Amino acid sequence: MSVFILIAIFAVLFLFAFVMGRRFGALGLGLAAGVLLAQYGAPLFAEIFAQYDQYFGDFTALAVSQMALTILPSFVLLLAGPKYHSKFRKLVGSLLYAAMATVLLFPYVSTGLKFDANLVETIASYQTYIVVAGIILAIFDMMFTHTKKSIPDKKH
């Protein structure tokens, strides 16, 4: 059952990215920023949740904080970032975003859900490669993001 939740997370992230059509470069680097936010900010938010007696089922307040902070910057960029104009690029960018986000969220999701040991080992063994490749591809994608050049005013 937990595998279906992981697949659902992937599918929802893919659909958001595909429908919004945002470039993977911005979204991937947003995920990287989110990891840093989660690393440094999650304990603070977990304390705030604990003060207000927030209950998250099988998830700890720290895990919920880490999930939210990891995904938040890329969600903001989903609303207002550079776009792809071809469906193929949208498809590839959305797949890359969903894969990278799912792999980055997996350690936090697995604190509240029980996964098969083989699945955990497999994801853990490929996590570093997926994240590093994702960041490199995001940087390359950003290198090809151009803004429209302004047209100089003509003097009469």
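Mentor: Before we start, helices (H or I, at least four residues) and strands (E, at least two) are DSSP runs, numbered from the N terminus. By that rule, Leu105 sits in helix α4. The model is predicted, so local features need pLDDT of at least 70 and side-chain atom pairs count only at pLDDT 80 or more, while totals for chains, interfaces and linings use all residues. Residues are numbered from 1 along each chain as its sequence is written, and side-chain values use heavy atoms, with hydrogens and water left out.

Trainee: Okay, what makes Leu105 buried?

Mentor: Buried means under 20% relative accessible area, exposed over 50%, and partly exposed in between (1.4 Å probe, protein chains only). Leu105 has a relative accessible area of 9%, so buried is the word.

Trainee: And which residues does Leu105 touch, not counting those up to four places away in sequence?

Mentor: Contact means heavy atoms within 4.5 Å. On that basis Leu105 touches Ile9, Leu13, Met67, Thr70 and Ile71. Leu13 has its own list beyond four places in sequence: Ile71, Phe75, Tyr97, Ala98, Ala101, Thr102 and Leu105.

Trainee: What makes a set of residues a nonpolar core?

Mentor: They must be buried Ala, Val, Leu, Ile, Met, Phe, Trp, Tyr or Cys residues, joined through side-chain atoms within 4.5 Å. The largest such core here has 30 residues, and Leu13, Leu31, Ile71, Tyr97 and Leu105 touch the most other members. Helices α1 (2–20), α2 (24–51), α3 (61–79), α4 and α5 each supply at least two residues. The largest share, 10 residues, comes from α4. In soluble globular proteins, nonpolar side chains tend to be buried together.

Trainee: Now the aromatics. Why is the pair of Phe14 and Phe18 called stacked?

Mentor: Rings of Phe, Tyr and Trp (its six-membered ring) pair if their centres lie within 6.5 Å; planes under 30 degrees apart count as stacked, over 60 as edge-to-face and the rest as tilted. For Phe14 and Phe18 the centres are 5.9 Å apart and the planes are at 15 degrees, so the pair is stacked. They are 4 residues apart in helix α1, which puts about one helical turn between them.

Trainee: Are those two buried or partly exposed?

Mentor: One of each: Phe14 counts as buried at 17% relative accessibility, while Phe18 is partly exposed at 27%.

Trainee: What makes Phe106 and Phe115 a tilted pair?

Mentor: Their centres are 5.0 Å apart, with 50 degrees between the planes, and that is a tilted pair. Phe106 and Phe115 are both buried. The structure holds 3 aromatic pairs.

Trainee: How do you know that Val131 is buried?

Mentor: Its relative accessible area is 16%, so Val131 makes the cut. Val131 lies in helix α5 and, beyond four places in sequence, is in contact with Met100, Val103 and Leu104. Val131 and Leu104 are 27 residues apart in sequence, yet 7.6 Å apart in space, C-alpha to C-alpha.

Trainee: One last stop: where is Arg23, and what makes Arg23 buried?

Mentor: Arg23 is in the loop between α1 and α2. Its relative accessible area is 12%, so Arg23 is buried despite carrying a charged label. Setting aside neighbours within four places, Arg23 is in contact with Pro82, Lys83, Tyr84, Asp141, Phe144 and Thr145.
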